[in-house]
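Work through the exercises below with the coordinates open. Each task is followed by a solution in steps.

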Amino acid sequence: MATRFKHRKGAEAMDAEGNMTLGGHLKELRNRVMICAVIYFVAAVGFLAIAADLINFLTAIADGVYNFISIDPQEKLIQYFRVALIAALIVDIPFIAYHIYAFAKPGLKKSESFFFGLVLVLGLGLFVVGVLFAYFVSLPFMLNFMGTLEGADYIVQTTSIASYVSFCITIFLIFGAVFEMPLVVIILSRMGIVSPELMKKARGVMVVLIFFVAAVITPPDVISQTMVALPMCLLYAISTVLCKVFYKKHQDAMEDEDEDDEDDDED
C-alpha cells in the first residue's frame, strides 16, 4: 500500500511525456529551500555559542592599535547576533549554490551545465579569496595606517565595536565583489559581449575607472584607495587572459551552430 502511494505521488509530479510538472518543480524548490533554511538555522545557533570568539577573531586585526568600547547597553549583544548570522550565511552559501545548480541542471545542456557549475564554483572561490586578501593584507594595513597617524597626543584611538564590525564587513564585501571581476569577464566573453580586442583597447580607460571606483567605495584616504585599486588592476590583467579562452569557446559554439543550420537547410 505504501509503495503504491509513493508511486502515485511520483506520477503526479510528471506529465504524460515524462517531464516534471509545474507542481513538481515547485515542490522540489520548496524542499531545497527548506534544506538550506534548516542548515542556516543550525549554523546560526552554533555560531551564536561562539560569537565572542568570532568578535575576537575580527578585533585581532587591530590588536594594540584601537581600544574597543560598547556605547549602548545592547550593542555588544547585537554584534554577537550579527556576526553569528553572517557566519551562518557564509556556511550556508555553498549549500545554496549546490541546490541552485541541482535544481537548474535537468533543464540545461551538458555544456551549459558545466559552465553554470563553473560559474558558481568560481564565483564562490573568488569571493573567498577576496575576503581572505582583505583580512590578511588590506585590513591590517588600513587599520594600522589610520590608527597610527601623527596628531595631537590627547586623541585616543577608541572605536565602538559596532562601528568596527560594520567597517570590517564593508571591506570584506568590497574586496569579495572586486575579486569577482574575472567571473564577470568570463560570463560576458562566453556570451560574446566582450572580446580580447575590446579588453586591450579599454585598458587605459579601465585603469582610470578602477581608481575612480576605488576612491568611491573605500574610506577617504589614498592608502585604502590604492589597496583596492592595485588588486583590481591585476585582476583586469588576469581577466584579459581568461577573455581570450572563453571568447574562443563562444566563437567555436557559433561556428557549430552555423554548421548545424547549414545541414538543416540541405535536408
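**Exercise 1.** Which residue follows helix 7, and what is the sign of its phi?

Solution. The model is a predicted one. Helix 7 is followed by Gly192. The phi of Gly192 is positive, near 85 degrees. Turning to helix 7 itself, its buried residues are Met181, Pro182, Leu183, Val185, Ile186 and Ser189.

**Exercise 2.** Classify the ring pair formed by Phe133 and Phe175, and state what it joins.

Solution.
1. The structure holds 8 aromatic pairs; the pair of Phe133 and Phe175 has a centre-to-centre distance of 5.8 Å and an angle of 40 degrees between the planes.
2. Planes under 30 degrees apart would count as stacked and over 60 as edge-to-face, so an angle in the remaining range counts as tilted. The pair of Phe133 and Phe175 is therefore tilted.
3. Phe133 belongs to helix 5 (residues 110-147) and Phe175 to helix 6 (residues 161-178), so the pair ties together parts 42 residues apart in sequence.
4. Phe133 is partly exposed, with a relative accessible area of 25%, whereas Phe175 is buried at 0% relative accessibility.

**Exercise 3.** Treat the pair of Phe133 and Phe179 in the same manner.

Solution.
1. The ring centres of Phe133 and Phe179 are 5.6 Å apart and the planes make 40 degrees, so this pair is tilted.
2. Phe133 is in helix 5, while Phe179 is in the loop between helix 6 and helix 7 (181-190); the two residues are 46 apart.
3. Phe179 is buried, its relative accessible area being 8%.

Two further ring arrangements can be noted. Phe57, Tyr135, Phe136 and Phe172 are linked by ring pairs into a cluster. The charged end of Arg190 sits over the ring of Phe115, at 5.8 Å from the ring centre.

**Exercise 4.** How many residues has the largest nonpolar core, and which helix gives the largest share?

Solution.
1. The largest nonpolar core has 38 residues.
2. At least two residues of this core come from each of helix 3 (51-59), helix 5, helix 6, helix 7, helix 9 (203-217) and helix 10 (222-266).
3. Helix 6 gives the largest share, 11 residues.
4. Leu139 and Leu143 have the most contacts inside the core. Setting aside residues up to four places away in sequence, Leu139 touches Ile61, Ala134, Phe167, Cys168, Ile171 and Phe172.
5. There is also a second, separate core of 6 residues, among them Leu126, Leu183, Ile186 and Phe246.

**Exercise 5.** Is Val228 buried or exposed, and what does it contact?

Solution.
1. Val228 lies in helix 10.
2. Under 20% relative accessible area means buried; Val228 has 1% and therefore counts as buried.
3. Outside its neighbours within four places in sequence, Val228 is in contact with Met142, Phe175, Val178, Ala214, Ile217 and Thr218.
4. For Thr218, the C-alpha to C-alpha distance to Val228 is 7.8 Å, at 10 residues apart in sequence.

**Exercise 6.** Where does UniProt place the feature "transmembrane region", and what are the helix contents of residues 80-102 and 114-141?

Solution.
1. The unreviewed UniProt entry places this feature at residues 33-60, 80-102, 114-141, 161-189, 201-220 and 226-247.
2. Residues 80-102 are 100% helix and 0% strand, and their end C-alpha atoms lie 34 Å apart.
3. Residues 114-141 are 100% helix and 0% strand, with end C-alpha atoms 39 Å apart.

How values were computed. Residues are numbered from 1 along each chain as its sequence is written. This is a predicted model: local features need pLDDT of at least 70, side-chain atom pairs count only at pLDDT 80 or more; totals for chains, interfaces and linings use all residues. Side-chain values use heavy atoms; hydrogens and water are left out. Rings of Phe, Tyr and Trp (its six-membered ring) pair if their centres lie within 6.5 Å; planes under 30 degrees apart count as stacked, over 60 as edge-to-face and the rest as tilted. Helices (H or I, at least four residues) and strands (E, at least two) are DSSP runs, numbered from the N terminus. Buried means under 20% relative accessible area, exposed over 50%, partly exposed in between (1.4 Å probe, protein chains only). A charge sits over a ring if NZ of Lys or CZ of Arg is within 6 Å of the ring centre and within 35 degrees of the ring normal. A nonpolar core is a set of buried Ala, Val, Leu, Ile, Met, Phe, Trp, Tyr and Cys residues joined through side-chain atoms within 4.5 Å. Contact means heavy atoms within 4.5 Å. UniProt positions are given in the numbering used here, feature names are shortened, and annotations may be inferred rather than shown by experiment.
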